[in-house]
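Reader: I would like to go through this model and ask what stands behind the labels given to its residues. Please set each value against its cut-off.

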Amino acid sequence: MVQQQRLDEVFAALSDATRRDVLVRLGDGPATIGQLAEPYGITLTGMTKHVRVLEDAGLVVTEKVGRARQCRLGAERLDDAMSWIGFYQRLWERRLDGLEAFFTLQRGRETGGTHPAEGPVT
């Protein structure tokens, strides 16, 4: 299973709407801190803090290009989060499938139907 601390960092980074928007924006291609800050009307320092959280979580990679800091996606950690989510998605799907089978069997009993393994319901 994936290391808990790494997942904590990823989910903490994703808990903020601005940081999620930054990831969506970077999905279109690299951008500078200034370009990321512009739509929100926040300072470069404020956006740098958001980017640092994303970078610490491994979701964003930054590099100095001239006087600007260029940001791009770094999806490795998002793969870890998706694996964790996928595990629990499959678990819940199996539970819900079992619940659906139970209710289907109950409906058959209530309407006097038969169940293939049991024969007629009396």
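Author: Take Arg69 to begin with: its relative accessibility is 36%, and partly exposed covers the range between under 20% and over 50%, so Arg69 counts as partly exposed. Bear in mind that this is a predicted model.

Reader: Where does Arg69 lie, and which patch does Arg69 belong to?

Author: Arg69 is part of strand β3, residues 68–73. On the surface, Arg69 joins Lys49, Arg52, Lys64 and Arg67 in a patch of positive charge.

Reader: What makes such a patch positive?

Author: Lys and Arg count as positive, and the patch consists of Lys49, Arg52, Lys64, Arg67 and Arg69. A patch residue also needs over 30% relative accessible area, and Arg69 has 36%.

Reader: Why is Thr32 called buried?

Author: Its relative accessible area is 18%. Buried means under 20%, so Thr32 is buried.

Reader: Where is Thr32, and what is Thr32 in contact with?

Author: Thr32 sits in strand β1, which spans residues 31–32. Neighbours within four places in sequence aside, Thr32 is in contact with Ala68, Arg69 and Gln70. Contact here means heavy atoms within 4.5 Å.

Reader: Is Gly58 buried or exposed, and how do you know?

Author: Gly58 has 18% relative accessibility. The cut-off for buried is under 20%, so Gly58 counts as buried. Gly58 lies in the loop between α4 and β2. Gly58 and Arg6 are 52 residues apart in sequence, while their C-alpha atoms are 8.8 Å apart in space.

Reader: What makes Val53 partly exposed?

Author: The value for Val53 is 32% relative accessibility. Partly exposed lies between under 20% and over 50%, so Val53 counts as partly exposed. The residue belongs to helix α4, residues 44–56.

Reader: Which residues is Val53 in contact with, and how far is Val53 from Leu14?

Author: Leaving out neighbours within four places in sequence, Val53 is in contact with Ala13 and Arg19. From Val53 to Leu14 the C-alpha to C-alpha distance is 9.4 Å, with their positions 39 residues apart in sequence.

Reader: Why is Asp8 called partly exposed?

Author: Asp8 has a relative accessible area of 46%. Exposed would need over 50%, and buried under 20%, so Asp8 is partly exposed. Asp8 is in helix α1, residues 4–14. Ala57 is 49 residues apart from Asp8 in sequence and 8.6 Å apart in space, C-alpha to C-alpha.

Reader: What makes up the nonpolar surface patch?

Author: The patch is made by Phe87, Tyr88, Trp92, Leu96, Leu99, Phe102 and Phe103, and its area is about 690 Å². Tyr88, one of these, is in helix α5, residues 76–110. At 32% relative accessibility, Tyr88 is over the 30% that a patch residue needs. That value also lies between the limits for buried and exposed, so Tyr88 counts as partly exposed.

Reader: How many helices and strands are there, and in what pattern?

Author: The protein has 5 helices and 5 strands. Along the sequence they follow the pattern α-α-β-α-α-β-β-α-β-β.

Reader: What are the values for the protein as a whole?

Author: Of its 122 residues, 23% are buried. The exposed area is about 8500 Å², and carbon and sulfur atoms supply 54% of that area. Among contacts with a separation of 6 or more, 46% come from residues 24 or more positions apart.

Key: Residues numbered from 1 in each chain as written. Predicted model: local features only at pLDDT ≥ 70, side-chain atom pairs only at ≥ 80, totals over all residues. Heavy atoms only, no water. Patch = residues over 30% accessible without salt bridge, like charges linked within 9 Å, V, L, I, M, F, W, Y side chains within 5 Å. Areas by Shrake-Rupley, 256 points an atom, 1.4 Å probe, with all protein chains shown as cover. Salt bridge = Lys/Arg side-chain N within 4 Å of Asp/Glu carboxyl O. Charge placed at Lys NZ, Arg CZ, Asp CG, Glu CD. Helix = DSSP H or I, 4+ residues; strand = E, 2+ residues; numbered from the N terminus. Buried < 20%, exposed > 50% of the residue type's maximum accessible area, 1.4 Å probe, protein only.
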